[in-house]
Amino acid sequence: MGSTNGVKAPVRSWWKESSVYQIYPASFQDSTGTGTGDLQGIISRVDYLHNLGVDIIWLSPIFESPQIDMGYDISNYKVIDPPYGDVNDVDVLKDKLHERGMKLVLDLVVNHTSDQHEWFKESRKSKDNPYRDWYIWKPPKYDAEGNRQPPNNWKGHFQGSTWEYDETTGEYYLHLFCKEQPDLNWENPAVRAAVHDIMRFWLDRGIDGFRLDVINFISKDPAFPDSDRQVLAGAEHYACGPRLHEYLKELGAILQEYDAFSVGEMPCVHSEEELIKSVAADRGELSMIFHFEFMDLDHGSSGKFSPRTWQLSELKRKVTKWQRFMIDNNGWNALYLENHDQPRSVSRFAHDSPEHRETSAKLIAVFMGFQSGTPFIYQGQEIGMTNVPKEWGMEEYLDIDCLNHWNLYRDADEKTKEQLRIEYQKKSRDNARTPMQWDSSPLAGFTTSSKPWMRINSNFPSINAESQISDPNSVYHCWRLVLEKRKALKEIFVYGDYIPVDEENEQILAYKRVAADGQTALVVCNFSAEEVEWSFDGNVREVIVSLGGKKVEDVGGGRIKFAACEAIAMLL
(Lines give C-alpha, C1' and ligand atoms only; values in the text may rest on other atoms or scores of the structure.)
Protein backbone atom coordinates (compact mmCIF):
# COMPACT_ATOMS: atom_id res chain seq x y z
CA MET A 1 0.00 0.00 0.00
CA GLY A 2 1.52 3.27 -1.06
CA SER A 3 1.15 6.62 0.61
CA THR A 4 0.46 10.04 -0.83
CA ASN A 5 -0.12 11.97 2.38
CA GLY A 6 2.56 10.85 4.80
CA VAL A 7 0.68 7.89 6.25
CA LYS A 8 3.03 4.97 6.90
CA ALA A 9 1.93 1.84 5.11
CA PRO A 10 0.62 -0.24 8.03
CA VAL A 11 1.11 -3.95 8.47
CA ARG A 12 -2.14 -5.66 7.51
CA SER A 13 -3.68 -8.30 9.77
CA TRP A 14 -7.05 -10.05 9.96
CA TRP A 15 -7.53 -8.90 13.54
CA LYS A 16 -7.12 -5.25 12.60
CA GLU A 17 -10.15 -5.58 10.32
CA SER A 18 -12.19 -7.35 13.01
CA SER A 19 -14.40 -6.25 15.89
CA VAL A 20 -14.65 -8.03 19.25
CA TYR A 21 -17.69 -8.74 21.43
CA GLN A 22 -16.97 -9.57 25.05
CA ILE A 23 -19.24 -11.99 26.90
CA TYR A 24 -19.39 -12.24 30.69
CA PRO A 25 -20.67 -15.83 30.82
CA ALA A 26 -22.44 -15.68 34.20
CA SER A 27 -24.58 -12.78 32.99
CA PHE A 28 -25.18 -13.50 29.30
CA GLN A 29 -27.79 -16.28 28.95
CA ASP A 30 -28.93 -19.00 31.37
CA SER A 31 -30.08 -22.14 29.54
CA THR A 32 -30.47 -24.40 32.59
CA GLY A 33 -32.61 -22.38 35.00
CA THR A 34 -29.88 -22.11 37.62
CA GLY A 35 -29.84 -18.31 37.55
CA THR A 36 -26.30 -18.27 36.13
CA GLY A 37 -25.40 -17.96 32.45
CA ASP A 38 -23.68 -20.85 30.69
CA LEU A 39 -22.06 -21.99 27.45
CA GLN A 40 -25.25 -23.50 26.00
CA GLY A 41 -26.89 -20.13 26.57
CA ILE A 42 -24.11 -18.45 24.57
CA ILE A 43 -24.49 -21.07 21.81
CA SER A 44 -28.20 -20.23 21.58
CA ARG A 45 -27.33 -16.58 20.85
CA VAL A 46 -24.69 -17.07 18.13
CA ASP A 47 -26.99 -15.80 15.39
CA TYR A 48 -27.73 -12.66 17.40
CA LEU A 49 -23.99 -11.97 17.55
CA HIS A 50 -23.49 -12.78 13.88
CA ASN A 51 -26.32 -10.46 12.84
CA LEU A 52 -24.78 -7.64 14.88
CA GLY A 53 -21.72 -7.93 12.67
CA VAL A 54 -19.01 -8.72 15.23
CA ASP A 55 -16.15 -11.01 14.20
CA ILE A 56 -14.54 -12.26 17.41
CA ILE A 57 -16.23 -13.47 20.60
CA TRP A 58 -14.16 -13.14 23.77
CA LEU A 59 -15.35 -15.06 26.83
CA SER A 60 -14.39 -13.93 30.32
CA PRO A 61 -12.97 -16.92 32.28
CA ILE A 62 -14.90 -20.18 32.03
CA PHE A 63 -12.27 -22.42 33.64
CA GLU A 64 -12.66 -24.33 36.89
CA SER A 65 -12.64 -21.85 39.76
CA PRO A 66 -13.82 -21.33 43.36
CA GLN A 67 -15.26 -18.06 41.98
CA ILE A 68 -13.79 -15.81 44.67
CA ASP A 69 -13.23 -13.25 41.91
CA MET A 70 -15.75 -14.39 39.28
CA GLY A 71 -13.44 -16.91 37.63
CA TYR A 72 -10.29 -14.78 37.61
CA ASP A 73 -9.04 -17.25 40.23
CA ILE A 74 -8.43 -20.40 38.20
CA SER A 75 -7.91 -23.81 39.79
CA ASN A 76 -7.61 -25.81 36.55
CA TYR A 77 -6.87 -24.27 33.14
CA LYS A 78 -7.95 -27.31 31.12
CA VAL A 79 -11.32 -27.99 32.76
CA ILE A 80 -14.48 -25.88 32.36
CA ASP A 81 -16.23 -24.78 35.55
CA PRO A 82 -19.26 -27.13 35.78
CA PRO A 83 -21.96 -24.40 36.04
CA TYR A 84 -20.86 -23.18 32.59
CA GLY A 85 -20.78 -26.63 30.94
CA ASP A 86 -17.84 -28.68 29.73
CA VAL A 87 -15.12 -28.71 27.10
CA ASN A 88 -17.48 -30.18 24.52
CA ASP A 89 -19.63 -27.06 24.82
CA VAL A 90 -16.56 -24.97 24.05
CA ASP A 91 -15.98 -27.06 20.93
CA VAL A 92 -19.60 -26.64 19.81
CA LEU A 93 -19.48 -22.88 20.36
CA LYS A 94 -16.18 -22.62 18.48
CA ASP A 95 -17.56 -24.66 15.57
CA LYS A 96 -20.78 -22.63 15.34
CA LEU A 97 -18.76 -19.41 15.29
CA HIS A 98 -16.32 -20.77 12.70
CA GLU A 99 -19.23 -21.83 10.46
CA ARG A 100 -20.24 -18.16 10.38
CA GLY A 101 -16.73 -16.87 9.75
CA MET A 102 -16.33 -15.77 13.37
CA LYS A 103 -13.64 -16.57 15.93
CA LEU A 104 -13.46 -17.51 19.62
CA VAL A 105 -11.03 -15.99 22.12
CA LEU A 106 -10.58 -17.16 25.72
CA ASP A 107 -9.50 -15.21 28.80
CA LEU A 108 -6.12 -16.42 30.04
CA VAL A 109 -5.31 -15.47 33.64
CA VAL A 110 -1.68 -16.40 34.27
CA ASN A 111 -0.28 -13.70 36.55
CA HIS A 112 -1.89 -15.66 39.37
CA THR A 113 -3.92 -18.79 40.04
CA SER A 114 -6.48 -19.78 42.63
CA ASP A 115 -5.10 -20.94 45.98
CA GLN A 116 -7.07 -24.13 45.20
CA HIS A 117 -4.92 -24.90 42.16
CA GLU A 118 -2.91 -28.09 42.67
CA TRP A 119 0.29 -26.14 42.01
CA PHE A 120 -0.35 -23.86 44.98
CA LYS A 121 -1.62 -26.62 47.24
CA GLU A 122 1.74 -28.32 46.72
CA SER A 123 3.70 -25.07 46.97
CA ARG A 124 2.46 -24.27 50.47
CA LYS A 125 3.16 -27.75 51.91
CA SER A 126 6.87 -27.23 52.58
CA LYS A 127 9.85 -25.10 51.62
CA ASP A 128 11.44 -27.99 49.73
CA ASN A 129 8.34 -29.00 47.78
CA PRO A 130 9.03 -29.15 44.00
CA TYR A 131 6.29 -26.53 43.46
CA ARG A 132 7.54 -24.16 46.13
CA ASP A 133 9.29 -21.93 43.59
CA TRP A 134 6.21 -21.78 41.35
CA TYR A 135 4.94 -18.95 43.55
CA ILE A 136 6.57 -15.99 45.30
CA TRP A 137 7.39 -16.79 48.92
CA LYS A 138 9.33 -14.49 51.26
CA PRO A 139 10.32 -14.66 54.94
CA PRO A 140 8.84 -12.09 57.33
CA LYS A 141 10.55 -8.86 58.34
CA TYR A 142 10.55 -7.82 62.00
CA ASP A 143 10.29 -4.34 63.45
CA ALA A 144 12.33 -2.97 66.38
CA GLU A 145 9.87 -4.52 68.86
CA GLY A 146 10.16 -7.91 67.20
CA ASN A 147 6.72 -7.81 65.59
CA ARG A 148 6.33 -9.78 62.39
CA GLN A 149 5.86 -7.63 59.26
CA PRO A 150 5.24 -8.40 55.56
CA PRO A 151 8.29 -8.43 53.24
CA ASN A 152 7.43 -4.95 51.89
CA ASN A 153 4.71 -2.28 51.99
CA TRP A 154 2.98 -3.04 48.68
CA LYS A 155 -0.79 -2.55 48.62
CA GLY A 156 -3.15 -4.79 46.66
CA HIS A 157 -5.68 -3.94 43.97
CA PHE A 158 -8.56 -5.13 46.15
CA GLN A 159 -7.42 -3.09 49.19
CA GLY A 160 -4.97 -4.18 51.92
CA SER A 161 -1.52 -5.78 51.77
CA THR A 162 -0.28 -7.91 48.90
CA TRP A 163 1.21 -10.44 51.32
CA GLU A 164 -0.47 -13.29 53.19
CA TYR A 165 1.30 -15.09 56.03
CA ASP A 166 1.10 -18.89 55.86
CA GLU A 167 1.51 -20.69 59.18
CA THR A 168 2.56 -24.00 57.61
CA THR A 169 5.98 -22.78 56.51
CA GLY A 170 6.21 -19.46 58.36
CA GLU A 171 6.52 -17.36 55.19
CA TYR A 172 4.44 -14.90 53.21
CA TYR A 173 3.21 -15.40 49.64
CA LEU A 174 2.54 -12.55 47.21
CA HIS A 175 -0.96 -11.84 45.89
CA LEU A 176 -1.55 -8.60 43.99
CA PHE A 177 -5.29 -9.26 44.18
CA CYS A 178 -7.26 -11.41 46.68
CA LYS A 179 -5.40 -13.58 49.17
CA GLU A 180 -7.00 -16.50 47.32
CA GLN A 181 -5.14 -15.43 44.14
CA PRO A 182 -1.42 -16.13 44.72
CA ASP A 183 0.94 -14.73 42.09
CA LEU A 184 2.90 -17.16 39.95
CA ASN A 185 6.69 -16.85 39.87
CA TRP A 186 7.49 -16.27 36.21
CA GLU A 187 11.22 -16.27 36.98
CA ASN A 188 10.82 -20.06 37.18
CA PRO A 189 11.16 -21.60 33.67
CA ALA A 190 8.81 -24.43 34.71
CA VAL A 191 6.01 -21.89 35.27
CA ARG A 192 6.51 -20.38 31.83
CA ALA A 193 6.59 -23.85 30.24
CA ALA A 194 3.30 -24.70 31.98
CA VAL A 195 1.68 -21.52 30.66
CA HIS A 196 2.93 -22.26 27.15
CA ASP A 197 1.45 -25.76 27.44
CA ILE A 198 -1.96 -24.31 28.43
CA MET A 199 -1.89 -21.97 25.43
CA ARG A 200 -1.07 -24.79 23.03
CA PHE A 201 -3.76 -27.01 24.58
CA TRP A 202 -6.47 -24.51 23.62
CA LEU A 203 -4.94 -23.35 20.34
CA ASP A 204 -4.67 -26.98 19.23
CA ARG A 205 -8.41 -27.33 19.92
CA GLY A 206 -9.08 -24.51 17.46
CA ILE A 207 -9.38 -21.55 19.80
CA ASP A 208 -8.35 -18.38 17.94
CA GLY A 209 -6.42 -16.51 20.63
CA PHE A 210 -6.45 -15.02 24.09
CA ARG A 211 -7.14 -11.97 26.15
CA LEU A 212 -4.30 -11.95 28.69
CA ASP A 213 -5.31 -10.71 32.13
CA VAL A 214 -2.96 -8.13 33.80
CA ILE A 215 -0.19 -9.57 31.66
CA ASN A 216 2.20 -6.70 32.39
CA PHE A 217 2.34 -7.78 36.07
CA ILE A 218 4.13 -11.08 35.39
CA SER A 219 7.66 -9.69 35.91
CA LYS A 220 8.44 -8.23 39.35
CA ASP A 221 11.51 -6.33 40.51
CA PRO A 222 13.45 -9.23 42.13
CA ALA A 223 14.55 -6.96 45.00
CA PHE A 224 10.89 -6.40 46.02
CA PRO A 225 11.68 -2.91 47.36
CA ASP A 226 9.32 -0.78 49.43
CA SER A 227 7.18 1.79 47.62
CA ASP A 228 6.73 5.49 48.32
CA ARG A 229 3.43 5.71 46.40
CA GLN A 230 0.19 6.47 48.21
CA VAL A 231 -2.15 4.79 45.70
CA LEU A 232 -1.38 1.20 44.63
CA ALA A 233 1.93 1.20 46.43
CA GLY A 234 4.36 -1.14 44.68
CA ALA A 235 2.87 -0.92 41.21
CA GLU A 236 5.98 0.87 39.98
CA HIS A 237 7.96 -2.30 40.79
CA TYR A 238 5.77 -4.80 38.92
CA ALA A 239 3.67 -2.97 36.31
CA CYS A 240 6.40 -3.45 33.69
CA GLY A 241 9.09 -5.48 35.39
CA PRO A 242 12.61 -6.10 34.08
CA ARG A 243 11.85 -9.32 32.18
CA LEU A 244 8.35 -8.50 30.92
CA HIS A 245 9.22 -8.24 27.24
CA GLU A 246 11.33 -11.38 27.33
CA TYR A 247 8.29 -13.26 28.62
CA LEU A 248 5.93 -11.60 26.13
CA LYS A 249 8.20 -12.56 23.22
CA GLU A 250 7.93 -16.19 24.32
CA LEU A 251 4.14 -15.92 24.30
CA GLY A 252 4.21 -14.01 21.02
CA ALA A 253 6.22 -16.74 19.29
CA ILE A 254 3.49 -19.27 20.11
CA LEU A 255 0.70 -16.90 19.08
CA GLN A 256 2.38 -16.17 15.73
CA GLU A 257 2.83 -19.87 15.09
CA TYR A 258 -0.99 -20.21 15.13
CA ASP A 259 -1.72 -16.77 13.58
CA ALA A 260 -3.66 -16.19 16.80
CA PHE A 261 -5.22 -13.05 18.22
CA SER A 262 -3.96 -11.51 21.47
CA VAL A 263 -4.88 -8.53 23.58
CA GLY A 264 -3.03 -7.87 26.81
CA GLU A 265 -4.58 -6.04 29.73
CA MET A 266 -1.92 -3.59 30.96
CA PRO A 267 -2.99 -1.44 33.92
CA CYS A 268 -0.78 0.97 35.88
CA VAL A 269 1.41 1.78 32.85
CA HIS A 270 1.70 5.37 31.69
CA SER A 271 4.84 5.13 29.55
CA GLU A 272 4.10 5.09 25.83
CA GLU A 273 7.62 3.75 25.21
CA GLU A 274 6.93 0.78 27.46
CA LEU A 275 3.57 0.03 25.87
CA ILE A 276 4.75 0.25 22.26
CA LYS A 277 7.32 -2.45 22.98
CA SER A 278 4.40 -4.81 23.59
CA VAL A 279 2.48 -4.07 20.38
CA ALA A 280 4.83 -2.68 17.72
CA ALA A 281 4.47 -4.74 14.55
CA ASP A 282 8.14 -5.74 14.49
CA ARG A 283 8.38 -6.77 18.17
CA GLY A 284 6.63 -10.14 18.00
CA GLU A 285 4.84 -9.76 21.34
CA LEU A 286 1.08 -8.96 21.41
CA SER A 287 -1.48 -7.85 18.80
CA MET A 288 -2.80 -5.02 20.98
CA ILE A 289 -3.18 -3.98 24.61
CA PHE A 290 -5.76 -2.43 26.90
CA HIS A 291 -4.26 0.64 28.51
CA PHE A 292 -6.22 2.54 31.17
CA GLU A 293 -5.91 6.24 30.40
CA PHE A 294 -9.58 6.60 29.49
CA MET A 295 -10.61 4.45 32.46
CA ASP A 296 -8.69 6.67 34.89
CA LEU A 297 -10.33 9.93 33.76
CA ASP A 298 -12.82 9.97 36.63
CA HIS A 299 -10.50 8.58 39.32
CA GLY A 300 -9.71 11.07 42.08
CA SER A 301 -6.51 11.59 44.04
CA SER A 302 -7.37 8.80 46.49
CA GLY A 303 -7.97 6.21 43.81
CA LYS A 304 -10.86 4.73 41.88
CA PHE A 305 -13.60 5.37 44.43
CA SER A 306 -12.74 9.02 44.96
CA PRO A 307 -14.50 11.64 42.81
CA ARG A 308 -13.11 13.58 39.89
CA THR A 309 -14.76 15.66 37.20
CA TRP A 310 -13.19 15.88 33.75
CA GLN A 311 -13.50 18.02 30.64
CA LEU A 312 -14.12 16.82 27.10
CA SER A 313 -10.81 18.38 26.04
CA GLU A 314 -9.02 15.92 28.37
CA LEU A 315 -10.69 12.98 26.65
CA LYS A 316 -9.85 14.46 23.25
CA ARG A 317 -6.16 14.86 24.14
CA LYS A 318 -5.97 11.24 25.23
CA VAL A 319 -7.74 10.01 22.10
CA THR A 320 -5.38 12.00 19.88
CA LYS A 321 -2.34 10.88 21.86
CA TRP A 322 -3.08 7.17 21.43
CA GLN A 323 -4.37 7.40 17.87
CA ARG A 324 -1.29 9.27 16.69
CA PHE A 325 1.16 7.28 18.78
CA MET A 326 0.07 3.88 17.49
CA ILE A 327 -0.17 5.04 13.86
CA ASP A 328 3.23 6.76 13.99
CA ASN A 329 4.92 3.77 15.63
CA ASN A 330 3.18 0.95 13.74
CA GLY A 331 1.39 -0.29 16.83
CA TRP A 332 -2.30 -0.98 17.23
CA ASN A 333 -5.08 0.26 19.53
CA ALA A 334 -7.69 -1.81 21.31
CA LEU A 335 -10.70 0.53 21.31
CA TYR A 336 -12.87 0.07 24.39
CA LEU A 337 -14.96 2.16 26.75
CA GLU A 338 -16.46 -0.59 28.88
CA ASN A 339 -15.85 -4.16 29.95
CA HIS A 340 -16.53 -6.50 32.89
CA ASP A 341 -14.37 -4.32 35.18
CA GLN A 342 -15.75 -0.94 34.13
CA PRO A 343 -19.05 0.92 34.46
CA ARG A 344 -21.36 1.38 31.49
CA SER A 345 -20.02 3.82 28.92
CA VAL A 346 -23.33 5.61 28.36
CA SER A 347 -23.46 6.41 32.08
CA ARG A 348 -19.79 7.31 32.34
CA PHE A 349 -18.87 9.19 29.19
CA ALA A 350 -22.22 10.54 27.99
CA HIS A 351 -25.75 10.98 29.37
CA ASP A 352 -27.93 8.13 30.65
CA SER A 353 -30.97 10.26 31.53
CA PRO A 354 -34.14 8.91 29.86
CA GLU A 355 -34.29 11.76 27.31
CA HIS A 356 -30.64 11.39 26.18
CA ARG A 357 -29.69 7.76 26.88
CA GLU A 358 -30.52 6.29 23.48
CA THR A 359 -28.81 9.01 21.45
CA SER A 360 -25.84 8.95 23.84
CA ALA A 361 -25.40 5.20 23.34
CA LYS A 362 -25.40 5.72 19.56
CA LEU A 363 -22.96 8.63 19.93
CA ILE A 364 -20.51 6.27 21.64
CA ALA A 365 -20.81 3.79 18.75
CA VAL A 366 -19.92 6.49 16.22
CA PHE A 367 -17.18 8.06 18.36
CA MET A 368 -15.48 4.74 19.11
CA GLY A 369 -16.19 2.62 16.04
CA PHE A 370 -14.52 4.85 13.47
CA GLN A 371 -11.20 5.37 15.26
CA SER A 372 -8.00 3.55 14.33
CA GLY A 373 -7.92 0.25 16.21
CA THR A 374 -9.96 -2.87 16.90
CA PRO A 375 -13.33 -2.04 18.51
CA PHE A 376 -14.37 -4.01 21.60
CA ILE A 377 -18.08 -4.09 22.42
CA TYR A 378 -19.08 -5.36 25.84
CA GLN A 379 -22.32 -7.33 26.13
CA GLY A 380 -25.26 -4.96 26.50
CA GLN A 381 -23.29 -1.99 25.17
CA GLU A 382 -24.89 -2.61 21.78
CA ILE A 383 -28.32 -1.91 23.29
CA GLY A 384 -27.20 0.94 25.57
CA MET A 385 -27.42 -0.81 28.94
CA THR A 386 -26.78 1.56 31.86
CA ASN A 387 -25.25 1.55 35.32
CA VAL A 388 -27.25 0.06 38.18
CA PRO A 389 -30.11 2.21 39.56
CA LYS A 390 -29.09 4.91 42.02
CA GLU A 391 -31.60 3.64 44.55
CA TRP A 392 -29.94 0.22 44.91
CA GLY A 393 -28.65 -0.43 48.42
CA MET A 394 -25.26 -1.92 49.25
CA GLU A 395 -26.87 -5.35 49.70
CA GLU A 396 -27.20 -5.56 45.89
CA TYR A 397 -23.47 -5.07 45.26
CA LEU A 398 -21.37 -8.22 44.81
CA ASP A 399 -18.04 -6.90 43.48
CA ILE A 400 -15.28 -7.94 45.89
CA ASP A 401 -13.26 -4.79 45.12
CA CYS A 402 -16.22 -2.57 45.96
CA LEU A 403 -17.21 -4.53 49.08
CA ASN A 404 -13.65 -4.61 50.41
CA HIS A 405 -13.47 -0.84 49.99
CA TRP A 406 -16.84 -0.37 51.72
CA ASN A 407 -15.62 -2.53 54.60
CA LEU A 408 -12.71 -0.13 55.16
CA TYR A 409 -15.26 2.60 55.93
CA ARG A 410 -17.74 0.65 58.07
CA ASP A 411 -17.09 3.03 61.01
CA ALA A 412 -17.20 6.22 58.92
CA ASP A 413 -19.84 8.91 59.37
CA GLU A 414 -23.01 8.80 57.30
CA LYS A 415 -21.97 11.67 55.03
CA THR A 416 -18.78 9.84 54.02
CA LYS A 417 -20.74 6.64 53.39
CA GLU A 418 -23.25 8.45 51.21
CA GLN A 419 -20.43 9.93 49.13
CA LEU A 420 -18.95 6.44 48.72
CA ARG A 421 -22.30 5.02 47.63
CA ILE A 422 -22.45 7.70 44.93
CA GLU A 423 -19.01 6.65 43.66
CA TYR A 424 -19.88 2.93 43.76
CA GLN A 425 -22.98 3.56 41.64
CA LYS A 426 -20.74 5.35 39.15
CA LYS A 427 -17.73 3.01 39.14
CA SER A 428 -18.37 -0.39 40.73
CA ARG A 429 -17.67 -3.41 38.55
CA ASP A 430 -21.23 -4.52 39.36
CA ASN A 431 -22.45 -1.97 36.81
CA ALA A 432 -21.22 -4.21 34.00
CA ARG A 433 -22.29 -7.48 35.57
CA THR A 434 -26.06 -7.19 35.75
CA PRO A 435 -27.63 -9.84 33.50
CA MET A 436 -28.10 -9.22 29.80
CA GLN A 437 -31.47 -7.66 28.98
CA TRP A 438 -32.91 -9.79 26.17
CA ASP A 439 -36.61 -8.90 26.30
CA SER A 440 -39.34 -7.38 28.46
CA SER A 441 -40.50 -10.62 30.10
CA PRO A 442 -40.30 -10.70 33.92
CA LEU A 443 -36.63 -11.82 34.09
CA ALA A 444 -35.53 -10.00 30.94
CA GLY A 445 -35.22 -13.28 29.03
CA PHE A 446 -31.99 -14.04 30.87
CA THR A 447 -33.20 -16.91 33.07
CA THR A 448 -36.22 -18.90 34.19
CA SER A 449 -34.91 -18.95 37.77
CA SER A 450 -36.63 -16.73 40.31
CA LYS A 451 -33.18 -15.99 41.71
CA PRO A 452 -30.67 -14.83 39.10
CA TRP A 453 -27.13 -14.78 40.49
CA MET A 454 -27.27 -10.99 40.35
CA ARG A 455 -30.25 -8.68 40.30
CA ILE A 456 -31.43 -7.57 36.86
CA ASN A 457 -31.41 -3.83 36.18
CA SER A 458 -35.00 -2.60 36.57
CA ASN A 459 -34.92 -0.66 33.28
CA PHE A 460 -35.04 -3.85 31.16
CA PRO A 461 -38.66 -3.27 29.95
CA SER A 462 -37.44 -0.20 28.05
CA ILE A 463 -33.88 -1.37 27.27
CA ASN A 464 -33.75 -4.84 25.74
CA ALA A 465 -32.44 -6.59 22.64
CA GLU A 466 -35.78 -7.87 21.33
CA SER A 467 -37.33 -4.42 21.01
CA GLN A 468 -34.20 -3.01 19.36
CA ILE A 469 -33.73 -5.73 16.75
CA SER A 470 -37.13 -4.83 15.32
CA ASP A 471 -36.45 -1.07 15.42
CA PRO A 472 -34.18 0.15 12.58
CA ASN A 473 -33.43 3.35 14.54
CA SER A 474 -32.26 1.53 17.68
CA VAL A 475 -28.85 1.55 19.37
CA TYR A 476 -28.37 -2.05 18.20
CA HIS A 477 -28.82 -1.10 14.55
CA CYS A 478 -26.55 1.92 14.96
CA TRP A 479 -23.76 -0.37 16.15
CA ARG A 480 -24.51 -2.79 13.32
CA LEU A 481 -24.27 0.04 10.78
CA VAL A 482 -21.03 1.42 12.24
CA LEU A 483 -19.38 -2.01 12.10
CA GLU A 484 -20.63 -2.53 8.55
CA LYS A 485 -19.30 0.85 7.34
CA ARG A 486 -15.97 0.33 9.14
CA LYS A 487 -15.47 -2.85 7.17
CA ALA A 488 -16.77 -1.54 3.84
CA LEU A 489 -14.50 1.52 4.06
CA LYS A 490 -11.52 -0.22 5.66
CA GLU A 491 -8.89 1.75 3.73
CA ILE A 492 -10.14 4.82 5.59
CA PHE A 493 -11.36 3.48 8.94
CA VAL A 494 -9.00 0.53 9.52
CA TYR A 495 -5.80 1.56 7.75
CA GLY A 496 -6.19 5.32 7.41
CA ASP A 497 -4.52 8.20 9.25
CA TYR A 498 -6.13 10.09 12.16
CA ILE A 499 -6.30 13.91 12.33
CA PRO A 500 -7.99 15.71 15.26
CA VAL A 501 -10.28 18.65 14.48
CA ASP A 502 -11.28 21.64 16.69
CA GLU A 503 -9.34 20.28 19.65
CA GLU A 504 -10.25 22.91 22.26
CA ASN A 505 -14.02 22.68 21.80
CA GLU A 506 -15.61 21.45 25.06
CA GLN A 507 -18.82 20.23 23.39
CA ILE A 508 -17.79 18.79 20.05
CA LEU A 509 -15.31 15.96 19.51
CA ALA A 510 -14.35 15.70 15.85
CA TYR A 511 -11.70 13.89 13.84
CA LYS A 512 -10.79 13.02 10.26
CA ARG A 513 -9.70 9.63 8.96
CA VAL A 514 -7.64 9.78 5.76
CA ALA A 515 -6.84 6.82 3.51
CA ALA A 516 -3.50 6.50 1.71
CA ASP A 517 -5.14 7.59 -1.55
CA GLY A 518 -6.53 10.73 0.09
CA GLN A 519 -10.10 9.58 0.68
CA THR A 520 -11.28 11.44 3.78
CA ALA A 521 -14.00 10.90 6.38
CA LEU A 522 -15.08 13.42 9.02
CA VAL A 523 -16.59 12.16 12.28
CA VAL A 524 -18.30 14.74 14.53
CA CYS A 525 -19.84 14.02 17.95
CA ASN A 526 -21.75 16.47 20.17
CA PHE A 527 -20.94 15.20 23.67
CA SER A 528 -23.08 17.89 25.30
CA ALA A 529 -26.76 17.64 26.23
CA GLU A 530 -27.40 20.92 24.40
CA GLU A 531 -27.96 22.03 20.83
CA VAL A 532 -24.69 23.11 19.19
CA GLU A 533 -23.91 24.77 15.85
CA TRP A 534 -20.58 23.77 14.31
CA SER A 535 -18.74 24.76 11.14
CA PHE A 536 -16.18 22.87 9.06
CA ASP A 537 -14.26 23.17 5.81
CA GLY A 538 -14.83 20.82 2.91
CA ASN A 539 -17.55 19.44 0.68
CA VAL A 540 -19.61 16.46 1.81
CA ARG A 541 -19.83 13.64 -0.75
CA GLU A 542 -21.81 11.17 1.37
CA VAL A 543 -23.32 10.87 4.84
CA ILE A 544 -22.29 7.46 6.24
CA VAL A 545 -24.06 7.54 9.61
CA SER A 546 -26.26 10.29 11.01
CA LEU A 547 -28.03 10.02 14.34
CA GLY A 548 -30.23 12.95 13.36
CA GLY A 549 -31.20 11.61 9.94
CA LYS A 550 -29.20 14.28 8.13
CA LYS A 551 -28.57 14.06 4.40
CA VAL A 552 -25.88 15.68 2.23
CA GLU A 553 -28.06 18.72 1.58
CA ASP A 554 -28.42 19.29 5.34
CA VAL A 555 -24.65 19.59 5.87
CA GLY A 556 -23.43 20.76 2.48
CA GLY A 557 -22.94 24.37 3.54
CA GLY A 558 -20.20 23.51 6.00
CA ARG A 559 -22.40 24.30 8.98
CA ILE A 560 -24.22 21.72 11.09
CA LYS A 561 -26.83 22.24 13.77
CA PHE A 562 -26.53 19.36 16.22
CA ALA A 563 -29.20 18.23 18.64
CA ALA A 564 -28.09 17.05 22.09
CA CYS A 565 -25.77 14.01 21.89
CA GLU A 566 -25.99 13.87 18.10
CA ALA A 567 -23.20 12.46 15.94
CA ILE A 568 -22.49 12.17 12.23
CA ALA A 569 -19.88 10.51 10.01
CA MET A 570 -19.37 11.83 6.46
CA LEU A 571 -17.16 11.30 3.44
CA LEU A 572 -15.61 14.53 2.18
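**Exercise 1. Place Lys220 and list its side-chain contacts.**

Solution. Lys220 is buried, at a relative accessible area of 5%. Here buried means under 20% relative accessible area, exposed over 50%, and partly exposed in between (1.4 Å probe, protein chains only). The model is predicted: local features need pLDDT of at least 70, side-chain atom pairs count only at pLDDT 80 or more, and totals for chains, interfaces and linings use all residues. Residues are numbered from 1 along each chain as its sequence is written, and side-chain values use heavy atoms, with hydrogens and water left out.

Next, the location. Lys220 sits in the loop between strand E11 (209–212) and helix H6 (244–257). Helices (H or I, at least four residues) and strands (E, at least two) are DSSP runs, numbered from the N terminus.

Then the contacts. The Lys220 side chain makes a polar contact with the side chain of Asn111 at 2.9 Å. It also reaches the backbone oxygen of Phe217 at 2.8 Å. A polar contact is a pair of N or O atoms within 3.5 Å; within protein, one must be able to donate a hydrogen and the other to accept it, and residues adjacent in sequence count only if both atoms are side-chain atoms.

**Exercise 2. Find what the side chain of Lys427 reaches.**

Solution. Start with the element: Lys427 belongs to helix H12 (residues 414–427). Lys427 is buried, at 3% relative accessible area. Its side chain reaches the backbone oxygen of Ser306 at 2.8 Å.

**Exercise 3. Trace three salt bridges and say which parts of the chain they link.**

Solution. Fix the rule. A salt bridge is a side-chain nitrogen of Lys or Arg within 4 Å of a carboxyl oxygen of Asp or Glu. The count by this rule is 48 salt bridges.

Step one: Arg243 pairs with Glu187, with the closest N and O atoms 2.8 Å apart. Arg243 is in the loop between E11 and H6, and Glu187 in the loop between strand E10 (171–174) and helix H5 (189–204), so the pair ties together parts 56 residues apart in sequence. Arg243 is partly exposed at 23%, and Glu187 is partly exposed at 34%.

Step two: Glu293 and Lys318 form a salt bridge at 3.3 Å, N to O. Glu293 lies in the loop between strand E13 (288–290) and helix H8 (312–328), and Lys318 in helix H8; they are 25 residues apart. Glu293 is buried at 8%, whereas Lys318 is partly exposed at 22%.

Step three: Arg429 and Asp341 meet at 3.1 Å, N to O. Arg429 is in the loop between H12 and helix H13 (430–433), Asp341 in the loop between strand E14 (334–335) and helix H9 (345–348), 88 residues apart. Both residues are buried. Shared partners join Asp69, Asp341, Asp399, Arg429 and Arg433 into one salt-bridge network.

**Exercise 4. Examine the phi angles of Gln67 and Asp502.**

Solution. Recall the background: most residues other than glycine have a negative phi. Gln67 has a positive phi of about 60°. Gln67 is in the loop between strand E3 (63–64) and strand E4 (76–80), and is partly exposed at 26%. Asp502 has a positive phi near 55°. Asp502 is in the loop between E16 and E17, and is partly exposed at 35% relative accessibility.
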